Amino acid sequence: MTLKECYGAIEGDYEGVIGRLRTERMVQKFVLKFLNDKSYELLVKSLDEGNYEEAFRASHTIKGVCQNLSFTKLYESSHRLTEALRAGYSAEVDGLFSQVKGDYQQTITAIQELQESVS
């Protein structure tokens, strides 16, 4: 899988991230580092424990990283979750988290395929 194909698979903005980071090598470096980011694990743990302040911070971090890397689909769902968590728990959090979970899995799967291609 190429970097451009990876961005297609995650419904991201390939042209936007290349415009910002300038080279495929630089983009690929940061995309692969996303696999090691622990923010999603923290989000899951915080929601399970009912720690909505920490869940907000984790979701906010995911949103920011996704915005910087132009992971458009995951950015949008994590943005909605972040806003819902801003004031603590609300009834919509569960559904929004479910969307983030699916988008995150889609993103991780594509990045793992990219990693296998470049290894």
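What follows is a walk through this predicted model, from its overall architecture to one residue in its last-numbered helix.

The chain holds seven helices and zero strands, and its pattern along the sequence accordingly reads α-α-α-α-α-α-α. Its radius of gyration is 14 Å, close to the 14 Å that the globule rule gives for 119 residues, so the chain is as compact as a globular protein of that length. Taken along the principal axes, the C-alpha atoms fill a box of roughly 40 × 25 × 20 Å.

Turning to the interior, buried residues account for 38% of the 119 residues. Of the contacts between residues at least 6 apart in sequence, 63% join residues that are at least 24 apart. On the outside, the chain exposes about 6,500 Å², of which carbon and sulfur atoms supply 48%. The side chains include 14 positive and 18 negative ones, and the centres of these two sets lie 7 Å apart.

A single position can serve to illustrate the packing. Thr-107 is found in helix 7, which spans residues 93-118, and because its relative accessible area is 1%, under the 20% limit, Thr-107 counts as buried. Which residues is Thr-107 in contact with, once its neighbours within four places in sequence are left aside? They are Ile-10, Phe-34, Phe-71 and Leu-74. A further relation links Thr-107 to Cys-6: these two residues are 101 residues apart along the chain, yet their C-alpha atoms are separated by 8.5 Å.

Technical notes: Residues numbered from 1 in each chain as written. Predicted model: local features only at pLDDT ≥ 70, side-chain atom pairs only at ≥ 80, totals over all residues. Heavy atoms only, no water. Helix = DSSP H or I, 4+ residues; strand = E, 2+ residues; numbered from the N terminus. Rg over C-alpha atoms; globule rule 2.2 N^0.38 Å. Buried < 20%, exposed > 50% of the residue type's maximum accessible area, 1.4 Å probe, protein only. Contact = heavy atoms within 4.5 Å. Areas by Shrake-Rupley, 256 points an atom, 1.4 Å probe, with all protein chains shown as cover. Lys, Arg positive; Asp, Glu negative; His and termini not counted. Charge placed at Lys NZ, Arg CZ, Asp CG, Glu CD.
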